[in-house]
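Colleague: Before I rely on any of the labels in your notes, I would like to hear what stands behind them.

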Amino acid sequence: MTTPVTDDLIDQLVGLAPGSRTYAARHQREKVAAATQGSYNALFDPALPDLTLTERLLVALYASRLTPAPELAAHYRERLQQAQADAALIQVAEAGEPQDAQRLNQPRLAAILSFTRTLIEKPVEGDKAVLLALPAAGISTPAVVALSQLIAFLSYQVRLVAGLKAMKASEEAHA
C-alpha cells in the first residue's frame with residue numbers, strides 16, 4: 001500500500017479534497033498519484049544537472065502557456081519569481097516567442113523554447129533537424145534527454161489537470 005501524498009501539486013491546482021468523487025477516483029491507485037508527484041519533484045529538483053532549474057521552469061511556463069493550462073502557468077510563474085529569475089526571461093516564456101530570447105542574447109534558451117514549441121504544438125515535426133539544433137546551441141546530450149523528459153511530463157501534467165477539472169466540474173454540476 002502506498003502512503004497518500006500530502007503535498008500533491010495536482011490536487012492543489014485542481015482543488016481536490018478528500019471526500020469528493022474526483023479525489024477518490026484520482027487516488028484509487030495511489031501509486032499513480034505518488035509517481036506523478038515524484039516525477040514533478042525529480043524534474044524540478046534544483047540539484048538536477050545539465051539544465052538549470054530556471055531553464056526547466058521557463059520551459060514549464062512556456063509549455064503551460066502554449067497548451068493553454070492557466071493553473072499550471074500561474075504555478076510555474078510563481079516558482080520562477082520565487083527563484084528570482086530574470087523578469088525579461090519570464091516575460092519571454094509567458095508572452096513572447098523563442099526568438100525574443102535570442103534578442104536578449106540567450107541563444108541557448110531560444111533553442112530550448114523552440115524545441116519545446118515544436119514538441120507541444122507539432123510533435124510530428126520533431127525530427128532530426130529540430131533535435132540537432134539543441135547541440136548546435138551548446139546543449140549537451142544529457143540536457144537534451146532531460147529536456148525531452150520534461151516536455152513529455154508537462155504534456156501529461158496538462159492533460160491530467162484538464163481531465164480532473166472536467167471530472168470535478170461534472171461532479172459539482174450533479175451534486
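What follows is a conversation about a predicted model.

Colleague: Why is Gln84 called exposed?

Modeller: Gln84 has a relative accessible area of 71%, and because exposed means over 50%, the label applies to this residue, which lies in the loop between helix 5 and helix 6.

Colleague: Then what makes Asp50 partly exposed?

Modeller: The relative accessible area of Asp50 is 40%, and since buried means under 20% and exposed over 50%, with partly exposed in between, Asp50 takes the middle label; its place is the loop between helix 3 and helix 4.

Colleague: What is notable about the phi of Asp50 and of Gln84?

Modeller: Asp50 has a positive phi of about 80° and Gln84 one of about 55°, although neither Asp50 nor Gln84 is a glycine. Most residues other than glycine have a negative phi.

Colleague: Which peptide bond is called cis, and what is its omega?

Modeller: It is the bond from Thr67 to Pro68, with omega near -25°, and Pro68 lies in the loop between helix 4 and helix 5. Most peptide bonds are trans.

Colleague: Which residues touch the most other members of the largest nonpolar core?

Modeller: Phe44, Tyr76, Leu147 and Leu154 do, in a core of 50 residues, of which helix 10 (141-173) supplies the largest share, 12 residues.

Colleague: What is Phe44 in contact with, leaving aside its neighbours within four places in sequence?

Modeller: Its contacts include Tyr76 and Leu154, together with Leu53, Leu57 and Leu150, and they count as contacts because heavy atoms lie within 4.5 Å.

Key
Residues are numbered from 1 along each chain as its sequence is written. This is a predicted model: local features need pLDDT of at least 70, side-chain atom pairs count only at pLDDT 80 or more; totals for chains, interfaces and linings use all residues. Side-chain values use heavy atoms; hydrogens and water are left out. A nonpolar core is a set of buried Ala, Val, Leu, Ile, Met, Phe, Trp, Tyr and Cys residues joined through side-chain atoms within 4.5 Å. Buried means under 20% relative accessible area, exposed over 50%, partly exposed in between (1.4 Å probe, protein chains only). Helices (H or I, at least four residues) and strands (E, at least two) are DSSP runs, numbered from the N terminus.
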